[in-house]
Structure formats: structure tokens, C-alpha cells
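Here's a walk through some of the side-chain pairs, sheets and annotated spots in this chain. Keep the viewer open while you read.

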Amino acid sequence: MKLVVVESPAKAKTIEKYLGPGHRVLASYGHVRDLPPKDGSVNPEDGFAMDWETYPDKAKQLKAISDEAKKADALILATDPDREGEAISWHVQEVLRKKKALPQTVERVTFNAITKSAVTEAMAHPRGLDEDLIDAYRARRALDYLVGFTLSPILWRKLPGAKSAGRVQSVALRLIVDREREIELFKAQEYWQVSATFEADGTPFTARLVGLDGKKLDRLSIGDKGSADAAKQVVEDGRFTVASVETKPLAKNPPPPFTTSTLQQEAARKLGFSASHTMRLAQSLYEDGLITYMRTDGVQMAGEAISAARKVIADRYDAGYVPDKPRQYSSKAKNAQEAHEAIRPTDFAKDRAGSGDHARLYALVYNRALASQMASARLERTTVELTDGAGRATLRATGQVVLFPGFMALYDEGRDDPQDEESGRMPALRTGDSPVKTRVDAVQSFTQPPPRFSEASLVKRLEELGIGRPSTYAATLQTLKDREYVRLDKQRFIPEESGRLVTAFLERFFERYVNYDYTAELEEELDDVSGGRLRWQKMLEDFWRDFKPKAGEVMDQKPSEVTAALDEFLAPYLFPDKDDGSDPRVCPLCGIGRLGLRGGKFGAFVACSNYPDCKYTRRFGQGEEAASDGPAEIGNGIELKSGRFGPYLERDGTRASLPKDVPQDSLTLEMAEKLLSLPREIGAHPETGLPIVASIGRYGPYLLHDGKYARLSSTAEVFDTGMNTAVVKLAEAAAGGGRSRGASREPIAVLGAHPESGKELKVLEGRFGPYVSDGATHATLPKSADPKAVTLGEAIALIDAKAAKGPVKKAKRKAPAKKKKKA
């Protein structure tokens, strides 16, 4: 018997079916061990020896693998075809070796798609483990550990409020912070555009003023209303004729099939998916055998896939949409390995698959891959210049016409920050024509700062710089959000104060290690390790030789010295020059003290040097609007203060946090009194006689009765909920079964009535994940399903399938065997 180890149980079932008798396929459920999060897991003094620890939740699975391995003739490691997959295979092998359960024959196989042909082909051509890839994995893991477990303790001690630092995470954060600095330093410039609308043969078109009185005009040439009005008058007075017509043919080629990063970018642009959501969906589609492996930087497709795509194109369109030769692509990304195919459907005959978000992502992958083998689009760009009789003004109009759509009939690539293009249709014009002028406009505009990064544009920038690996981007961005270093607003990253402070600290004290070029150089060295060109310990030795003394030097500094250095480093940001030329550090409250950065128990802030006589403070951040001269007096002895966890109310030692749905600027004395009076007793429960209490806790507003909780949706409900409503909410919460305390019974989505029972179907959040319910039958959603995107049809199918199975029968416990009495 041969034991085959893959990563996921979904793959295990499918592959065992393909391989048939004589094979046992088990899943490792991803990584089985890692470096424990404690000091000493990597020992630089002992050749960077690593102390690996098995995940506790993998013990059962590893025992099953070990038991089967002891009976097997051969072990076939068939984890994913990337560096992480190679590492997982190595870990499984090492665990079995320690357990003395390793079969004599160990082979490694990889396949790019979970189809019968791909799996059987891979099994026919096994290889050994790639030691160079494993070395690169160990180097990367050790590097990330050494950076994180060296920098993070320094941050905790020297920078209150900071949570962690990481090799790629910190550089990605710096990109976001640097962009925010650009935006803040940007000074908008006024400009005006003068244009005229003409009409010829019933077709209107717009021409822009590009020349005036012999001078060529660019976008910023007209900078005020007076100049714009004068230019507008010249255009209004002139009689324009066509001076030249230039027509140029253009060809637009299709983009290549998706790589990991371009899939994340395009899914963000077109579908609004986060990088992590995209990768979860892609993983599910891969495990279902619908697409090829989704962690790749290759843009090429297999020959048989190209042939299948060309056949589908010819069948769906016509021969004109099929290029003469198959298209071949190569990656332009820095450090691209191109070891695997691009992401594509495993079967081009299947243009639809899955449901909900899975179906949307599959369609994106399918259309992009198919379009990559279609003919180029043919366009025609026409540029017309018009001049007035007096020779004072020149106008230019540009239009674009699609002569043959080619691949654009199926797919057009999105852009992160689309700009307006003059792509409208132009009428047929000849030199000497005099189209009718119908309107002249002068429009005021202002230059715009660079846009904040979206997930798509940040992933694109990281890949361009050669920082990190596309397969890790989703986790990196999620870490930044989890640490609350950044927030998303309208799908754009905005750095939080803590993120800016951490970045400033690292730039000031560890500039080399958050430098874009240096981080990219480390990636190149890791590539050299994976290619067998560099010994992994040598790479780590070179890094640690400089990094360790630098870390020790910073650790030896006093917090006050660190704050003083950051005060100087951040001066242009914290104390920008004033328009009147006055000293930006002079305290605006007392006019005597000098403002400076201070470090406190709950983080950094700006304060007056004249403290305690002057209590002026403001949060770490630019702008006096965040300033405070101390606690705000609300009335009746109540003060509004700022603490580690945000604003709070205090009176005579009694405190109450200010809820997020109660804005500071609209806080009334009445509301402050109510908040300080909590908890509020609604009354005695009609059945138990025990009190029902409403209050606000760590997780928001809630009801409490006899040790059981129900969540409220707003602060207002804490004070408005009456007895009847409270009893109903508590009963609904209790009906949730073994849910965690405070779990909400508010539905994620209400889908509509079941066509047969008439019961309303809802999507709810449960202890073990989201599920659909009609009040009586509950059906768990598949892990790959988006609970917000479930359709009524899908919910009906799940409920019907669950109902058909009948109630779950509980296993009867066997009575313990009676002990025999000794004779």
C-alpha cells in the first residue's frame, strides 16, 4: 500500500478516487509544525538551528498519518506545488522520521491541477524533495522570526502602544505611510481648461484649447479666472476651420492569464474582493478541480490548454478572433520564478462553475485566460486641430473608434486609478471644414494628490518592488489591519497614528531594514538559496552580523532618548511651517511653552513644555484641531477625558467609556448622565422573577438575565428597550444553542420565504460558522461560501438537503464494563 499525503481533505477524497486501490490518501491540513513563538526558537550561535514545534491541533491527524505510514510500502508527498508545499512535505517527512514511522521509499510529486490526467501523470514521474527549496523556506522562516522577535520587544519597551514589526509587513506599512505623507504635503494648484463643443453631420465633439497667441498651452498654463475668461472670449469670437486631420491605427493586445498578484488586483478592482477573500475562493476552486494552482507568478499556459482555448474561441466567435499563432507570455515582475502555469480553468469547455462569489471569481479567471489567446483589438485614433481665422487660438479634439474588438469582446482589464480619456467617436472631417460651434466652456479644476493605495494597487507596488511573495500578500495586508496600523476607507488604506509612529521609529532607528531596495535584495538572496547558488546559513550570517548590534544599540537607549530622536525626526510632520512664518512649536494655548513629542503610558502625544501650568495636549498627528487643553467639562461634575481605549466620562471616580455611536461633538449632558448611570435594570423577568439588566460592555451593548446574554444593536437600545422586547431578544439568543456569550441573533441576510413551507429563510452567524435556517432546520454553509452573497435558491437547496437527512442521532455511550470480583 502507498500512503499519499496532500494538504486538504477535499483534495484527499478526489485524489484517492483517481488513484484507486492500493493507495491511501490523507490530508495534513496545511502546515503541521512551526517555530514556537518564544525566544530561542532560532539559535544564531548554533548555525541557526531551529526548534520546531508540532501544532497541538494537528496531533490527531499526524497520528493517523503515522499509523498508516507504518503499514505503507512507500510514502508519496503530494502537497501543493510551491515553496510552502515543499516545506510541508519536508515537515511531514521529519515528523515521521522522529516517530520512526518513515517508509523506506519516499517520493515527491506535484501537479498543477486536480484532474485525473494531471494527477496520474504526476504519479508516473516522482522525484525527491527539493533541498534547495527547503533551505530557502528555512532561511525565510528564520529571517522573519529573527526580525519579528528582535524588533517587536524593542517596540514594546521603547514605543508604548506598538504591537509588532515584521520584515515585509513593516515595508508594506511604510509604503502606505509614505503615500499619506505625499498627500499631506501636496499643495493643490488651480488651473482652468477652455474647450468648445462643435457639431458636424449631426455628431457633436469637444475640442480643447491648446494654443493661444502663438504660445503652446499645457494643462496648468491658465491659472486663474481672469486668464480663463480672456481665453474663453477669444474662442467665442473666433470662426474655426479644420487645419489638420491625423488618423493613426492602434492595436491593443490582451493581457496574460492571471498570476497570484494580478488575480488579487483584478478581483479587487472588478469584484471588490479583499486579497484574503480572493485567495480563499481560489483555493476552493482549485480543490474542486476547476482551476489550476493559484499560487504562481508564471504567465504561461500548457500547450493543451492553449489548443483548447483556441478551439472555444473559434466556436464561440469566428476565425477572425483566433490569432495566427498561439500567444506566449513571459512575466515582467521582479524576481518572478515562473515555475508553474498561470491560473486558468482546467476545462475551457466549462465557462461557468460554482455559485455566488465562487462563480464570479471563476468567470473572471475563465474570461481572462480565454481572452489571453484571442486576437488583438484594432482601434483608430483620430486627432483634429482647428484654428480661427485670426490665428490666435488652436483647438484639438481626439477620438478613438474600435474597428475590431478582438479580445475586448470578452474582457478588458481594469485599472486602479482610471483617468478620463478622450475616446468618443469623431465625425468624418476634412481639412478646410468649418463645423458649427455650439458652446464654449471655461472649467476650473485643481491638481489632485496621488491616490491612496487600494489593496490592488498596493499588491501591484509590492510586486513591482520585488518585496515579499504574492502568496503572502493577503496575510501581510490582513496583519496590518489586525494590528490596527491601518484602516480601510472606501477601499483605500489610511495609516492610523500607531502605524505612522511605528514607521517613523523604524525609519529613524532601522532605516536599512525598511528600505525598499534592501528588502528586495533579501528576496533576491532567498531566490539564490532556492536556486542552489547561496548557502542559507551564509545568508543569515550576513544579515545577523549587522542586525544584532543595531538592535542592541537601540535597546540600550532610554525611552526619553528615543522620544527626543523621534521628535526631531518627525518635526516636519508634527510641526509644519506656518503661512505667517511664526514658530510652529510655540504653544497656541499659553504662548510661552514649546511643543514637543512626549511618550506616555498609552502612546505618543504632543504636549506643551510648560506643563503642569499649561495642560495643552493633542494626539500624535498633524493639526491643532486634535488639541485639548485638558478634560472637557460636560456639566454636573462630569468630565470628558481621553484614555488608552478612547474617550471616556468620569465623575467622582465613576467612569464610563464613550460608545462609538455617540459622537463627542453631539454629546449632551443628558446622555452623559445616562451612560454613567449604567447598568440599567429593566425589571423582573415574568417567568423567573430575576432582573433583566441592560448595559454596555467590552463587545458593545447587551442584555443580561440569569447569566445569559443577548446583544443589542445600538447604545440607544440600552435605554429604550422595554420588558417585552427584552424577553423576546433573550429568548432568541437562547435559541442559538451553544453559541458563545453575547453572540448576535441579528441575521446576516434575510432571503425570503421557502416556496413549500412558506417559512422565512435567514442567514445567521453560529458558533461553528454561518448557517441558513427556516426556524426549525439549520444547514451549515460551505466554508467557501460568502454568507452575504448566498441566494434564496442556494438556501432552499441546503435546507431541503438537511431536512432530507433527518435529525442527527446521538451516539449512545457504552456502559462501563463491570469489574469481575476476585475469587
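Lys 270 counts as partly exposed because its relative accessibility is 36%. This is a predicted model, so keep that in mind throughout. The side chain of Lys 270 meets that of Glu 266 in a salt bridge, 3.5 Å from N to O. Both residues sit in helix H8 (residues 260-271), four residues apart, or about one turn of the helix. Is Glu 266 buried or exposed? Glu 266 is buried, with a relative accessible area of 0%. That makes for a pair with one partly exposed partner and one buried partner.

Salt bridges that share partners also build a network, joining Arg 174, Asp 178, Arg 181, Glu 507 and Glu 511. In total, the structure holds 46 salt bridges.

Arg 24 is another one to click on. Its side chain pairs with Glu 16 in a salt bridge, at 3.6 Å from N to O. Arg 24 also has a salt bridge with Glu 68, where the closest N and O atoms are 3.8 Å apart. Why does the Glu 68 pair tie together separate parts of the chain? Glu 68 belongs to helix H2 (residues 59-71) while Arg 24 belongs to strand E2 (residues 23-27), so the bridge links parts that are 44 residues apart in sequence. As for burial, Arg 24 is partly exposed at 32% relative accessibility, and Glu 16 is partly exposed too, at 28%. Glu 68, with a relative accessible area of 15%, falls under the 20% cut-off and therefore counts as buried.

Here are the three pairs side by side.

| Salt bridge | N to O distance |
|---|---|
| Lys 270 and Glu 266 | 3.5 Å |
| Arg 24 and Glu 16 | 3.6 Å |
| Arg 24 and Glu 68 | 3.8 Å |

Now for the annotations. An unreviewed UniProt entry assigns "domain: Toprim" to residues 1-114. Over residues 1-114 the chain is 35% helix and 23% strand, and the C-alpha atoms at the two ends are 22 Å apart.

The UniProt record (again unreviewed) also puts an "active site" at Tyr 293. Where in the fold is Tyr 293 found? Look in the loop between helix H9 (275-287) and helix H10 (303-316). Being in a loop doesn't leave Tyr 293 out in the open: at 1% relative accessibility, Tyr 293 counts as buried. Leaving aside neighbours within four places in sequence, Tyr 293 is in contact with Asp 80, Pro 81, Asp 82, Asn 112, Tyr 286 and Ile 343. Among those partners, Asp 80, Pro 81, Asp 82 and Asn 112 come from the stretch that the record labels Toprim, residues 1-114.

Zooming out, the protein is divided into six domains, and some are made of more than one segment: domain 2, for instance, is 155-186 + 454-557, and domain 3 is 190-244 + 384-396 + 422-446. The others are domain 1 (2-129), domain 4 (260-375), domain 5 (561-630) and domain 6 (749-804). Domain 2 and domain 5 have C-alpha centres 28 Å apart. How many residues of each are in contact? The contact involves 13 residues of domain 2 and 14 of domain 5.

Further along the chain there are two sheets to look at. One is an open sheet of four strands in the order E26-E27-E28-E29, with antiparallel pairing. Strand E26 (680-684) and strand E29 (708-711) are at the edges, each pairing on one side only. From one strand to the next, the twist averages 25°. Helix H21 (residues 723-734) packs on this sheet and touches E26, E27, E28 and E29, with its direction at about 105° to that of E29. Inside the sheet, strand E27 (residues 691-697) and strand E28 (residues 700-705) run antiparallel and are joined by six bridges. Ile 692 stands opposite His 705 in E28.

The other sheet is also open, with four antiparallel strands in the order E30-E31-E32-E33. Strand E30 (749-753) and strand E33 (778-780) each have a single partner strand, so one side of each is left without a neighbour in the sheet. Here, too, the twist averages 25° from one strand to the next. Five bridges join the antiparallel strands E31 (residues 760-766) and E32 (residues 769-773), and Gly 766 has Gly 769 in E32 as its bridge partner.

Definitions and conventions:
Residues numbered from 1 in each chain as written. Predicted model: local features only at pLDDT ≥ 70, side-chain atom pairs only at ≥ 80, totals over all residues. Heavy atoms only, no water. Pairing = 2+ DSSP bridges. Axes fitted to C-alpha atoms, helices over the stretch in contact; angles between N-to-C directions. Contact = heavy atoms within 4.5 Å. Salt bridge = Lys/Arg side-chain N within 4 Å of Asp/Glu carboxyl O. Buried < 20%, exposed > 50% of the residue type's maximum accessible area, 1.4 Å probe, protein only. UniProt positions renumbered as here; feature names shortened; annotations may be inferred. Domains from an automatic or database assignment.
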